[in-house]
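Dear colleague,

I am handing over the structure below, together with some notes on what I found in chain B. Please have the sequence and the coordinates open as you read.

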Amino acid sequence: MKNKAKFTGFFFILPSLMGVSVFVLIPFGDVIRRSFTEAVSGIWVGFANYQTIFNNAAFLLAGKNTLRFVGICIPVLIGLSLFIAVFLQKQLKYGGILKTVYLVPMAVPIASVVLMWKVLFDPNGLVNGLLAKLDLTATGWMNSKYAFWILVFSYLWKNLGYDIVLWVAGLSAIPDTIYEAARVDGAGEWACFTKITLPNLLPSLYTIAVLSFLNSFKVFREAYLVAGDYPNDSMYLLQHLFSNWFRELSLDKMAAGAVVTSIIIFIMILLLQRAWDMEK
Amino acid sequence: MKLGGKKILSCLLAASLLATAVTGCAGEDKGDSDKKSDKSAMGRYLEEEYPLPPGVMDIAALQKLEDGNTLRMAATNQETKERGIWDSLDNGRTWEMKSVFPENIRSVDKVNVLSTAISPKGQVSAAYGSVQEEESQLGIEYINWNLETGEKLLPIKAPQEQMLSVLGIYAGGEKAKNTMQNQIMTLQYTSNGELLGSDSMGSAYLIDDNSGELLKTFQIEGSFIQQFQAVGNKLIALTEKDVQIFDLQSGDPLERDDILNEQFNGKKDAEGNSEVAVRFGGGTTGVLLSTGSEENSMYFCNDKGIYRHLLGGTVVEQMVNGSLNSLGNPSIALISMQSLNNNDFLVAVSDEEGVSKLLNYHYSKDTPSVPDLELKVYALNNNQGIRQAIALFQKENPDIFVNFEVGLTGDDAVTAADALRTLNTNMMAGKGPDVLILDGMPIESYIDKGLLSDLTNVIDASSKEVKFFEHVKNSYEIDGKIFAIPTRFGAPAIQGDEETVASSTDLKALAEQLEKLKAANPDNKYIINDEEAKSILKKLYYANSPAWIQKNGTLSEEALKEFLTLAKRIYDVNDHTNDDNAENLTSSFTVSVKGGSSIGLEGMGNGSMQIMTENILFNLGIMNSPSELSDIVSAKKAIGNGSYGWMPGQSQKVFVPMTSVGINSKSKQTESAEKFISGLLSTETQKSSQGSGFPINQAAFQEIIANPFEEGSVSLGFISSEEGDQKQMEYIWPTEEEFQQLKAELDTLDTPAVTDEIIKDCVIEQGTNCLNGGQSVDDAVKNIMQKVNLYLAE
């Protein structure tokens with residue numbers, strides 16, 4: 001009877017597991033295999049591909065940029081969205097409208113975002129036009145170090161609304177009675193936030209952090225459509241590199257790079273989960 | 001029991017899920033087996049070329065006579081320079097001359113016959129004329145005759161009021177005066193022997209062939225009838241927009257045939273014109289229409305093959321697949337088609353040199369409908385030369401079906417990088433092409449990864465029969481193995497006065513010489529033939545790019561900086577103050593020269609013409625055909641002092657590999673692929689003028705330098721400027737010595753240009769911005785270094 005119960009759960013996830021196996025696990029197994037072989041001939045080369053990518057300037061640059069992007073964007077996005085969510089939660093009159101306003105960027109198609117980027121940041125674009133009127137020097141934005149910060153801004157602008165909605169959902173789940181009881185005990189706004197809101201939002205934090213992390217990979221679409229295969233050094237991400245390797249048929253390097261990236265992502269998610277478990 | 005029912009239901013659901021998954025996966029296999037069964041279907045039309053009577057090189061009309069046995073042909077005998085009529089009683093296999101044309105239109109040298117038509121009764125009609133220069137009008141007269149009773153003139157008069165009114169519209173509302181007359185330009189007979197004609201305004205007419213009176217008019221408001229064919233009692237008219245059907249007796253338009261329109265009209269260009277119009281406009285191949293054997297049935301023939309359609313019916317049936325024979329050859333033009341009593345088709349075509357051929361298509365029930373062997377050839381961009389080569393290969397190897405796939409069709413938003421990723425996916429999945437046309441592909445990367453087979457044996461075998469330009473042949477040689485081979489090549493060259501050419505020893509000297517030329521000729525707006533920065537950079541790129549790549553594989557910043565600095569100085573010798581007219585040099589001059597001079601923007605032809613007309617003083621370009629040498633020697637003769645040489649750059653003696661080919665190492669059709677590559681290198685394929693570079697095969701080079709003009713004569717070309725001025729130029733063919741000198745010099749070129757598209761695109765993009773003043777040389781170099789080094793580091 002106990003054994004039966006043990007396998008019931010397995011049967012429930014079986015259909016989904018089959019799909020994940022066919023479309024993710026088995027192909028990823030093949031990627032791991034390919035990371036130890038030559039691209040076309042399939043000859044076993046051991047760790048040579050890993051050696052190659054760790055000596056590859058493009059991989060190191062892309063890895064560094066991607067980590068830098070994630071390291072800056074995720075904390076800023078989570079903090080900013082939480083701040084705005086708490087603010088909106090208190091805005092009884094205009095809260096709904098403001099929430100919708102923050103969600104609008106999500107509804108803007110990528111093509112329009114890219115067009116907007118080009119209109120704004122082209123050497124002859126609006127930003128340079130404005131600078132010229134103010135007698136300031138124009139810059140080739142997408143070919144300068146500013147390109148990275150434009151990418152960061154684009155990511156924050158696009159994902160802020162989504163994270164706000166997730167935070168608001170978390171905030172709504174905190175019963176008002178806890179706040180009322182704390183206030184009766186003399187707690188101020190800051191104390192309520194740190195002692196009630198934050199601890200109660202921790203379960204949401206994990207989900208929001210993972211979703212924001214995964215969404216950060218999607219920013220490649222804008223970067224690729226605006227600057228193509230070879231953007232400015234500062235915004236050259238791992239996705240650029242993988243896309244170019246695929247074009248050049250460097251499947252060996254791509255497989256090794258994918259395995260390394262997966263391991264790093266896996267470790268980061270585990271660390272997040274560990275932090276979350278410890279807080280609980 | 002209840003629990004048991006649930007279990008059964010769960011099992012059933014799980015089973016159905018599995019079944020769906022399994023059958024879903026199996027779908028493709030089923031498709032494959034279907035394909036195999038299709039492949040084993042038997043029966044196909046095979047092509048056979050029938051010999052023409054000796055001397056006949058130019059077929060004007062072909063008609064099956066009503067007796068059912070006789071085929072009649074009107075053609076020109078180039079040996080006697082006379083037009084005549086030939087009959088065949090064996091469906092075109094052999095011909096017997098029946099008569100010559102009437103005296104006044106017999107000689108090819110004296111009179112120009114615009115259109116010839118033969119009726120099923122055997123009567124012949126012709127429209128002929130000559131340019132009357134003093135009036136700038138084309139006077140056209142008409143004549144008809146039969147072999148027994150002699151000829152008579154036909155006084156056909158096309159309506160003039162209509163011509164004037166239409167011209168009036170073009171002239172901005174005012175009726176134009178002294179304009180050319182509207183005339184009947186083409187003639188044709190119906191199956192009943194009634195004469196049809198169409199005029200220069202796009203209307204068709206039923207004409208009394210006794211009096212010349214116009215009996216019926218077939219007209220479509222706002223459309224131009226480009227081609228017509230009577231099918232039974234109906235007239236099929238192809239316009240630039242659609243297909244219109246008329247009742248021959250009443251002249252009334254009939255119900256639209258949607259299927260026919262879909263066939264001709266499905267693909268439209270940016271201006272909404274149909275594929276038919278596009279092809280007519282292009283002047284290469286068109287469409288032939290022919291009456292079918294059954295009532296209301298018709299055949300049409302284009303580059304896709306021969307089709308049968310029943311007017312008003314819902315299907316079009318492909319009878320002959322054009323991709324399996326000469327019909328798919330882009331260099332042939334269609335002249336006439338007849339369906340014969342033995343169910344064969346006889347098609348008269350002319351090849352790229354204007355020589356007519358008679359192609360017979362005979363149904364063979366024992367031949368597989370599609371050859372069992374399929375050879376996949378892939379190119380990123382459409383390549384007419386490869387299409388020509390495929391048609392030749394297909395003719396020689398009817399048991400192999402060559403499937404030519406183009407990555408960038410222009411019909412969608414696919415970029416070159418997208419197409420390459422798709423190609424790579426297919427190749428890694430074992431479904432890739434057998435032969436790769438490597439232009440635009442990462443050739444070095446493919447060689448490094450072992451994706452290209454060693455071609456040494458194939459090339460060695462070919463080398464035993466013919467001699468190749470060695471350096472070009474070895475462009476992609478690594479450790480004695482050749483993995484890819486350019487089938488054609490070009491050479492960056494310069495042309496100008498002798499002193500400037502001789503003194504231009506490197507890029508710096510070239511810039512200095514051009515500046516000197518500018519100082520000596522301050523009134524000349526243009527010194528060189530390019531006013532656009534992009535165009536100049538494209539031409540300079542090849543002769544300089546090899547110098548930028550360092551031994552460690554990275555770009556040399558210093559060399560790149562020198563290149564852009566000097567390129568800017570060269571760009572600045574032209575006056576760019578009035579950039580609104582920036583397209584003047586490239587677009588306002590139209591050139592019409594017999595012999596098909598190559599005037600592509602990167603070629604030498606256009607610049608040579610401009611030197612001849614003294615619009616510019618110096619010409620830069622990529623020389624890639626003998627006719628360009630012809631342009632150069634013609635210009636030299638015109639201005640009295642001229643010379644040419646290889647483009648001096650940071651590198652010397654550079655050639656540009658073109659149409660490079662390789663075999664996919666994962667191909668299962670290696671033998672056929674090698675046969676195809678051998679074919680590409682053969683003299684017969686290499687000699688066809690593809691307009692995409694000199695042949696690598698020296699025997700083919702020797703053949704293509706043959707004078708296309710008659711011995712001792714010169715050809716006249718006209719250059720017309722935007723202002724309407726016409727300048728006449730004498731176009732001469734170089735001497736054998738001049739060609740041999742060119743050949744010897746081509747043989748010395750030993751440095752392949754860097755053809756990597758990523759480096760080229762990046763340098764040209766950033767360089768263009770720099771030359772146009774959008775950024776400094778330092779910034780451009782910095783941007784190029786950053787992007788290209790990133791690319792090279794990958």
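Please keep in mind throughout that this is a predicted model. I begin with the hairpin of E3(B) and E4(B), where four residues lie between the strands and Lys81(B) takes a positive phi near 60 degrees. The two strands, the second of which, E4, covers residues 82–88 of chain B, run antiparallel and are joined by seven bridges, and within this pairing Thr76(B) stands opposite Arg83(B) of E4(B).

E3(B) also pairs in the antiparallel sense with strand E2 (residues 56–64) of chain B, again over seven bridges, and here Arg72(B) of E3(B) is the bridge partner of Gln63(B). E2(B) and E3(B) form a hairpin with six residues between them, and Gly68(B) in the turn has a positive phi of about 85 degrees.

In a regular strand, side chains point alternately to one face of the sheet and the other. In E3(B) both faces are covered, since Leu71(B), Met73(B), Ala75(B) and Asn77(B) on one side are buried, as are Arg72(B), Ala74(B) and Thr76(B) on the other. Seven of the seven residues of this strand (residues 71–77) are therefore buried, so that the rest of the structure largely encloses E3(B).

Elsewhere in chain B, four strands form an open sheet with antiparallel pairing in the order E17-E18-E19-E20. Its edge strands, E17 (288–291) and E20 (316–321) of chain B, each pair on one side only, and the twist from one strand to the next averages 25 degrees. E17(B) pairs with strand E18 (residues 297–302) of chain B in the antiparallel sense over four bridges, with Leu289(B) opposite Phe300(B) in E18(B).

With best wishes

Methods. Residues numbered from 1 in each chain as written. Chains lettered and ligands numbered in written order. Predicted model: local features only at pLDDT ≥ 70, side-chain atom pairs only at ≥ 80, totals over all residues. Heavy atoms only, no water. Buried < 20%, exposed > 50% of the residue type's maximum accessible area, 1.4 Å probe, protein only. Pairing = 2+ DSSP bridges. Axes fitted to C-alpha atoms, helices over the stretch in contact; angles between N-to-C directions.
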